[in-house]
Amino acid sequence: TGYMQERESAEDAALRELKEETNLEGTLIMTGDPHWSNYDGTKYIIVTSLVEIDDENILKVDEGESQSHAWVTLDDERVQNKSSLVQSLRSVGVLG
């Protein structure tokens, strides 16, 4: 997750945040349609990006940015139980 900087495209923000938070780089495949999410009473616009990672072996999670990480499959209950995540994955064609 991350925020767009002034005059930054959603696509550039996705790749920048990916690098900042995980040390990973990749190629943007597509960006989904923006949608609203409500979290703790605050509304956010979510823009999901599908990125092909160059080398997942260089993953280094920034502990100041994230508490944990996990690679999950689409049928994982952590994916299926989050309606906003399911909506995001549908927007990039990952889920039907």
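## Salt bridges, helices and a buried threonine

Glu8, Arg16, Glu17 and Glu20 are tied together in a network of salt bridges. That comes from a predicted model, so keep in mind that local features here need pLDDT of at least 70. In total, the structure holds six salt bridges. Below is a quick tour of those charged pairs, then two of the helices, a nonpolar patch on the surface and one threonine tucked into a loop.

**Salt bridges**

- Within the network, the side chains of Glu17 and Arg16 meet with N to O at 3.0 Å. Are these two buried or exposed? Both Glu17 and Arg16 are buried.
- Arg7 and Glu6 also pair up through their side chains, at 3.2 Å from N to O. Arg7 counts as exposed because its relative accessibility is 79%, and Glu6 counts as exposed too, at 68%.
- Glu25 bridges to Lys19, and the closest N and O atoms are 3.6 Å apart. Glu25 is partly exposed, with a relative accessible area of 43%. Lys19 is also partly exposed, at 34% relative accessibility.

**Helix H1**

- H1 covers residues 10–22, which makes 13 residues. From its first C-alpha to its last it reaches 18 Å, close to the 18 Å expected at 1.5 Å a residue.
- Which residues of H1 are buried? They are Ala10, Ala13, Arg16, Glu17, Leu18, Glu21 and Thr22. Arg16 and Glu17 from that list are also members of the salt-bridge network with Glu8 and Glu20.
- The cover over the buried residues of H1 includes two strands, S1 (26–31) and S4 (49–53).
- Just after H1 comes Asn23, which takes a positive phi of about 70°.

**Helix H3**

- H3 runs over residues 83–91, and its buried residues are Val86, Ser88 and Leu89. Seen down the helix axis, these buried residues fall within an arc of 160°, so they line one face of H3.
- As background, an α-helix has 3.6 residues a turn, so residues three or four places apart point the same way.
- What sits over the buried residues of H3? Among the elements covering them are strand S2, strand S3 (42–46) and helix H2 (77–80).
- Just after H3, Gly93 has a positive phi of about 80°.

**Nonpolar surface patch**

- Trp36, Ile45 and Val47 make a nonpolar patch of about 320 Å² on the surface.
- Trp36 belongs to strand S2, residues 35–39. Trp36 counts as exposed because its relative accessible area is 56%, and the cut-off for exposed is over 50%.

**Thr48 in its loop**

- Where does Thr48 sit? Thr48 is in the loop between S3 and S4.
- Despite the loop setting, Thr48 is buried, because its relative accessible area is 13% and buried means under 20%.
- Leaving aside neighbours within four places in sequence, Thr48 is in contact with Met30, Thr31, Gly32, His35, Ser88, Ser91 and Val92. Of these partners, Ser88 is one of the buried residues of H3.

Key:
Residues are numbered from 1 along each chain as its sequence is written. Side-chain values use heavy atoms; hydrogens and water are left out. Helices (H or I, at least four residues) and strands (E, at least two) are DSSP runs, numbered from the N terminus. The expected span of a helix is 1.5 Å times one less than its number of residues. Buried means under 20% relative accessible area, exposed over 50%, partly exposed in between (1.4 Å probe, protein chains only). Contact means heavy atoms within 4.5 Å. Patches are made of residues with over 30% relative accessible area and no salt bridge: like charges are joined within 9 Å, nonpolar side chains (Val, Leu, Ile, Met, Phe, Trp, Tyr) within 5 Å. Accessible areas come from the Shrake-Rupley method with a 1.4 Å probe; for residues, only the protein chains shown count as cover. A salt bridge is a side-chain nitrogen of Lys or Arg within 4 Å of a carboxyl oxygen of Asp or Glu. The arc is that of the directions from the helix axis to the C-beta atoms.
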